[in-house]
Amino acid sequence: MSWQGKLLRINLTSGELTPEPLNMEWANDYIGERGLATKYLWENMDPKADAMGPDNTLIFATGPLTGTSASTSGRYAVVTKGPLTGAIACSNSGGKFGAELKYAGFDLLLIEGRSEKPVYLLIEGDEISLASADRIWGKTVWETDAWIKKQHHNPMLKIATIGVAGERGVRYAAVVNDLHRAAGRSGVGTVMGSKNLKAIAVRGTGGVRVKDPKRFMEVTDEMKNLLAKSTGGLTKYGTNAMMDTMQEFGGLPTNNFQQVQFDGYDKIDAKAMLKTDETGHTNLLTNKACFGCTIACGRIAHIREDHFTIQNRKEYWHASGGLEYETAFAFGPVVGVDDIDACTFAGYLMNEHGMDPISFGVTLAAAMELYEMGVITTDDTDGVELNFGNAEALTIMAEKTGKQEGFGEILGMGSLRMCQKYGHPELSMTVKGQEFAGYDSRALQGMGLGYATGNRGACHLKHDTFDVDMDDQTGEGKAEPCKTSQDWTAAVDSSGLCMFTMGAWGATEFAAQLDADSEGDWTAERLMASGERIWNLERMFNLAAGLTRADDTLPKRLLKDPAPSGTAKGRVNELDRMLPEYYDLRGWNEAGEPTEDTLGRLGLS
Amino acid sequence: MHRMLHIEPSLCTGCLQCEMACSFEHEGEFNPARSRIRVFEFEHGRTSVPYTCTQCVEAWCMKACPTAAISVDMELGAKLVSPEACVGCKACVAACPFGTIEFNPASGKVDKCDFCGGDPKCASACPTDAITYVDAGALGVGRMQASAQQAAQGGA
């Protein structure tokens, strides 16, 4: 079977590195990756612990399918208590790092305590050590990646690292692997930085074996063919094809969610990325796959060399990760910017310094609204005019935040803390302190419910109500698909595969692959039940951490101010209608707590 | 007909399905480190290049081998390593100008591409046709045709 059956416990306080057998009973109940890491987190820390203190636990976890030839098998998750929300944080990433960890013989890394001095973890075959990070502390993601490979004379090392943002406490710092793939959201990189852990470098030369090789190859081949039938658009245009859909629909958050449509959308959308300009420059160079992925939605782009952002900075005259929908949203409509090169450069800076583009962009959007209201002035912003639409302000502030200089220190607090500091918490477009993704919940009602109940705060990746939201702009009938897709997404994440396969594969298709892969008699029903168990355990962590029903809400702007245009013109989000129905379906009481019956049914008593 | 693996880097997305298919065929497990084909990335993934043995007709590895462990598959043109005869001296590794024959510390022998007996799994696993198994005598035809078309259109 595809588990290595081993985890590595890393105590950064004592420096001890202890391999332990993987708890297979937990793997059977929680699938792997996100679910299994949640179980390990629950069993290994007090949810009330300070997210940025030594008592927080940080887990890197692969899934049962990670490192196999199933399509999109490169994923790993980082799970910890989040510094933005005080809730459970769970971010997953592609690239090659996750599979490499499995090949190195570990299913999961469990990191505890705090190192006195900056260190990095090296796993190179049988040699495992913590090494001094003195010479890379203060370096960027890209510099760190190059330095470690050179230091160990091993270009095959796969590296997950934080940038300066994570070292210096930006609340939404990311863990970036393979230069431009990231466990981007919820500040998992901030926690890594607070532990004085700069990077994890892995080279694995072992193999992954599956339970039933013949059946596994047959079923995964069949699944790849099925996947190819529906993902051509994602391959050609990437996720940024969504920009046009949201613009037309009127769900494209603009100028800090004051509007829901953006005039400049077609200057930064997927088609704009493909367009060759008058100088012969095309933003998009090629598409790119993560490990094992037969979709290849990743974008590799480059910036015009005469663009103001890089014209005097030759070090950026190279290709790197390009705009996805969420980065295009976060550097585009929500801050009013329609300059594709500036947006692409801001994306480079996020990867280089290790930050979540969504949280950064939405925090900057709130700062721009504060600036336009006159609450903050150029005296606060280091002389930069922070108007919506100012592309130069976007890239200057992205860099200042990444390096924690000047007003960047304020932006690094995240939207909620910043807006509270200036006396306007209502301008913070967040749930539980985490910023929204690029979908307006007045136009997409189920999305709003998913945001409000998201265990890691506002998030578009932990449920999927897209189709029902597009069909109907009321709150009616949204609770059930929200709940069901939350459970299902938890199962998909936990398998080690990518959620972009969900359009092609249902529970039966996932179960067929998982059952050929590993022990446990996986069926669609068992996967769904496991997903619900995982969702509820995340909820239990949050309740134990001190969150309550009151945290399952949306900003007033989305509940009171009607959408000014688009399909949902005149509508607000109907959370009051959806939330009680949702709690009921979940088997939670009015306080949003799972009842004894529910816990018993899920084996969580 | 001698065929060979034709590699078109511009089509490669870097998914590594070829490495997994190769290691599964030869080792019974997914293990890119033991794959006889490797994909290398340059400039933050701007290009991804699969690379493997070209099955030289006058193969350096074969000539360097002191135990005659490397032989020619007359039908496929592939150079094959006999694990029984290989003593792990690595003379072939030193001799190969392309680095495509590799020492395997686990077995103490060398590994190289053998065309999977005429059905190379890397090619069938490639989702974009960046790797194809084609007539070795007509490798350039596709590129010639593309260049001819360009010339006809007044280009290069």
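**Exercise 1. How many helices and how many strands make up the secondary structure of chain B?**

Solution. Keep in mind throughout that this is a predicted model. Start by counting the elements of chain B, which come to 5 helices and 8 strands. Next, read them along the sequence, where chain B follows the pattern β-α-β-β-α-β-β-α-β-β-α-β-α. Then turn to the extent of the chain: along the principal axes, the C-alpha atoms of chain B fill a box of roughly 55 × 30 × 25 Å. Finally, consider burial and contacts: 42% of the 156 residues of chain B count as buried, and among contacts between residues at least 6 apart in sequence, 55% join residues at least 24 apart.

**Exercise 2. Work out how strand E4 of chain A is enclosed and which strands it pairs with**.

Solution. First, look at burial: 6 of the 6 residues of strand E4 (residues 76-81) of chain A are buried, so this strand is largely enclosed by the rest of the structure. Taking the two faces in turn, A:Tyr76, A:Val78 and A:Thr80 are buried on one side, while A:Ala77, A:Val79 and A:Lys81 are buried on the other, and both faces of E4(A) are thus covered.

Second, look at the pairing. Strands of a sheet pair through backbone hydrogen bonds, either parallel or antiparallel. Strand E3 (residues 58-62) of chain A runs antiparallel to E4(A) and is joined to it by 4 bridges, with A:Ala61 standing opposite A:Ala77. Strand E5 (residues 88-93) of chain A also pairs with E4(A) in the antiparallel sense, over 6 bridges, and here A:Val78 stands opposite A:Ser91.

Third, examine the hairpin of E4(A) and E5(A), which has 6 residues between the strands and in which A:Gly86 takes a positive phi near 70 degrees.

**Exercise 3. Identify which strands stand at the edges of the open sheet of 6 strands in chain A**.

Solution. Begin with the order of this sheet, E8-E7-E12-E9-E10-E11, in which the pairing is mixed. Strand E8 (127-132) and strand E11 (181-183) each have a single partner strand, so one side of each is left without a neighbour in the sheet, and these two stand at the edges. From one strand to the next, the twist averages 20 degrees.

At the E11 edge, strand E10 (residues 175-177) of chain A pairs with E11(A) in the antiparallel sense over 3 bridges, and A:Val176 stands opposite A:Ala182. To complete the picture, add helix H4 (residues 141-151) of chain A, which packs on the sheet and touches strands E7, E9, E10 and E12, its direction making about 140 degrees with that of E9(A).

**Exercise 4. Classify two helix crossings in chain A by their angles**.

Solution. Take helix H2 (residues 33-44) and helix H19 (residues 479-495) of chain A, whose axes come within 5 Å and cross at roughly 95 degrees. Angles of 65 to 115 degrees count as roughly perpendicular, and H2(A) and H19(A) are therefore roughly perpendicular to each other. Their contact includes A:Arg34 of H2(A) and A:Asp493 of H19(A), and its residues divide into 1 nonpolar, 3 polar and 3 charged.

Now take helix H13 (residues 357-373) and helix H14 (residues 391-403) of chain A, whose axes come within 11 Å and cross at roughly 120 degrees; these helices are therefore oblique to each other. H13(A) passes H14(A) in a right-handed crossing. Among the residues making the contact are A:Phe360 and A:Leu364 of H13(A) and A:Met397 of H14(A), and the residues of this contact divide into 7 nonpolar, 1 polar and no charged.

Technical notes:
Residues numbered from 1 in each chain as written. Chains lettered and ligands numbered in written order. Predicted model: local features only at pLDDT ≥ 70, side-chain atom pairs only at ≥ 80, totals over all residues. Heavy atoms only, no water. Axes fitted to C-alpha atoms, helices over the stretch in contact; angles between N-to-C directions. Parallel < 35°, antiparallel > 145°, perpendicular 65-115°, else oblique. Contact = heavy atoms within 4.5 Å. Nonpolar A, V, L, I, M, F, W, Y, C, P; charged D, E, K, R; others polar. Pairing = 2+ DSSP bridges. Left-handed = near helix turned anticlockwise from the far one by under 90°. Buried < 20%, exposed > 50% of the residue type's maximum accessible area, 1.4 Å probe, protein only.
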